[in-house]
Amino acid sequence: MRRPDIADLVQRAQRGEQLAVARLISLVEDGGPDLPAVASALAAHAGRAHVVGLTGPPGVGKSTTTSELIRVLRAQGRRVGVLAVDPSSPFSGGALLGDRVRMGEHTTDDGVFIRSMATRGHLGGLARATPHALRVLDGAGCDVVLIETVGVGQSEVEVVALADTTVVLLAPGAGDGVQAAKAGLLEVADVFVVNKADRDGADQTVRDLRRMLSLGVGSDVAAAGGRTEGWRVPVQRAVAARGDGVPELVDLLDAHRRWLDSSGERERRRLARAGAEIQAIALDRVRVRLDEVRGADGVPALAERVLAGELDPYRAAAELTGRMGLD
């Protein structure tokens, strides 16, 4: 099979060719032998986009808010990339494409690229290939990349490791303010949005959030990670279905980006992101090597010796890593 011309694909993607962007993301999703070449070709072009993560409980209106953000950003002339992480189909393993359907009005805009990604069993609200797809959209010249998590509730805070700015959406009722504290979302939010603010209970949700923020709930964890020191987390009301509050949200995102740049926090977060990516790639290589030594003389044989009392698990693990050249 003919190998793709990675350099040509990157050049075309930078010119805004949607098919080239789609092809590059497909290559990194596949995780095949072309992945290192794609990363190498994009390395010099990455780091310019403002990466915004949108997270929150299911049904809070993340897709509607994302669609409205696209509309406002495009009216300002900015190129927008969207990575919408959907649940995996139990039959094909692919994304269910619910988010893509809801953002259908933007699919004919050459200044917008929307990609639905399947979780494929990966926890944390993101797909395993999300960091690589982000690199593609960043390198392709997007001014803003929106990452919308799958909406799995209290475990979907992984987006904070990728985003420059994390937006946590909540809705009135169902004790969402309390749920935010329980889910650890207070520690990761750079901006709170109370969506569906025309509903009963919106004022109470806003008050609950502001009270918890003023009392410092979650601030110790946030400060330890360097996330909020010097930045006062705002609480923005919105009715995304009508577009209400979304222009103001864009203003808050821009204000947060300016703070990130002036405080040096943007650099700190991106260094942490790069370090995590390096570690993840290294661990994947270790897993591949571990699979290679899992034959008859590998883990099963060592397990038999541990069961027989000839070895303890730590010595067995040391012997295994020695065979892998890790000692």
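**Entry 1: Asn 195**

I began with Asn 195 and listed what it touches beyond four places away in sequence: Val 60, Gly 61, Thr 65, Leu 169, Leu 170, Ala 171, Pro 172, Ala 238, Val 239 and Ala 240. I note here that the model I am reading is predicted. I then looked up where Asn 195 sits, and found it in the loop between β6 and α9 (202–214). Is Asn 195 buried or exposed? Its relative accessibility is 3%, and buried means under 20%, so Asn 195 counts as buried. I also looked for a polar partner of its side chain. A polar atom of that side chain lies 3.0 Å from the backbone oxygen of Val 60.

**Entry 2: Lys 196**

I moved on to Lys 196, which is also in the loop between β6 and α9. I noted its backbone: phi is positive, about 55 degrees, although Lys 196 is not a glycine. With a relative accessible area of 21%, Lys 196 is partly exposed.

**Entry 3: the chain as a whole**

I stepped back to get the overall counts. The chain has 14 helices and 7 strands. Of its 327 residues, 47% are buried. I also checked how far apart in sequence the contacting residues are. Among contacts in the chain with a separation of 6 or more, 75% are between residues 24 or more positions apart.

**Entry 4: strand β5**

Two residues on the contact list of Asn 195, Leu 169 and Leu 170, took me to strand β5, residues 165–170. How many of its residues are buried? I found 6 of 6, and I put the strand down as mostly covered. I recalled that side chains in a regular strand alternate between the two faces of the sheet. In β5, Thr 165, Val 167 and Leu 169 point one way, while Thr 166, Val 168 and Leu 170 point the other way. Both sets are buried.

Next I looked up the neighbours of β5. Strand β1, residues 50–55, runs parallel to β5 and is joined to it by 4 bridges. Across this pairing, Val 52 stands opposite Thr 165. Strand β6, residues 191–194, also pairs with β5 in the parallel sense, over 4 bridges. I noted two facing pairs between β5 and β6: Val 167 stands opposite Val 191, and Leu 170 has Val 194 as its bridge partner.

**Entry 5: strand β6**

I followed the pairing into β6 and checked its side chains. Val 191 and Val 193 point one way from the strand, Phe 192 and Val 194 the other way, and all are buried. Which strand besides β5 pairs with β6? I found strand β7, residues 235–237, which pairs with β6 in the parallel sense over 3 bridges. Phe 192 of β6 has Val 235 of β7 as its bridge partner.

**Entry 6: helix α6**

I turned to Thr 130, which is in helix α6, residues 130–139. Its relative accessible area is 0%, so I put Thr 130 down as buried. Beyond four places away in sequence, Thr 130 touches Leu 83, Val 85, Met 117, Ile 147 and Leu 162. I then checked the rest of the helix. Of the 10 residues of α6, 7 are buried, so the helix is largely enclosed by the rest of the structure. The buried ones are Thr 130, Ala 133, Leu 134, Val 136, Leu 137, Asp 138 and Gly 139. After α6 comes Gly 141, with a positive phi near 95 degrees.

**Entry 7: two helix pairs**

Last, I looked at helix packing. Two packed helices are described by the angle and the distance between their axes.

For helix α1, residues 6–14, and helix α2, residues 18–30, the axes come within 8 Å and cross at roughly 130 degrees. That angle makes α1 oblique to α2. The contact involves Ile 6, Leu 9, Val 10, Arg 12 and Ala 13 from α1, and Ala 20, Val 21, Arg 23, Leu 24 and Leu 27 from α2. I noted the crossing of α1 past α2 as left-handed.

Helix α11, residues 246–263, and helix α12, residues 265–292, have axes 5 Å apart and pack at about 85 degrees. I therefore wrote α11 down as roughly perpendicular to α12. On the α11 side the contact is made by His 256, Arg 257, Trp 259, Leu 260, Asp 261 and Ser 263. On the α12 side it is made by Glu 265, Arg 266 and Arg 269.

Conventions:
Residues are numbered from 1 along each chain as its sequence is written. This is a predicted model: local features need pLDDT of at least 70, side-chain atom pairs count only at pLDDT 80 or more; totals for chains, interfaces and linings use all residues. Side-chain values use heavy atoms; hydrogens and water are left out. Buried means under 20% relative accessible area, exposed over 50%, partly exposed in between (1.4 Å probe, protein chains only). Two strands pair if DSSP finds at least two bridges between them. A polar contact is a pair of N or O atoms within 3.5 Å; within protein, one must be able to donate a hydrogen and the other to accept it, and residues adjacent in sequence count only if both atoms are side-chain atoms. Contact means heavy atoms within 4.5 Å. Axes are lines fitted to C-alpha atoms, for helices over the stretch in contact, and angles run from 0 to 180 degrees between N-to-C directions. Angles under 35 degrees count as roughly parallel, over 145 as roughly antiparallel, 65 to 115 as roughly perpendicular and the rest as oblique. A crossing is left-handed if the near helix is turned anticlockwise from the far one by less than a right angle, and right-handed if clockwise.
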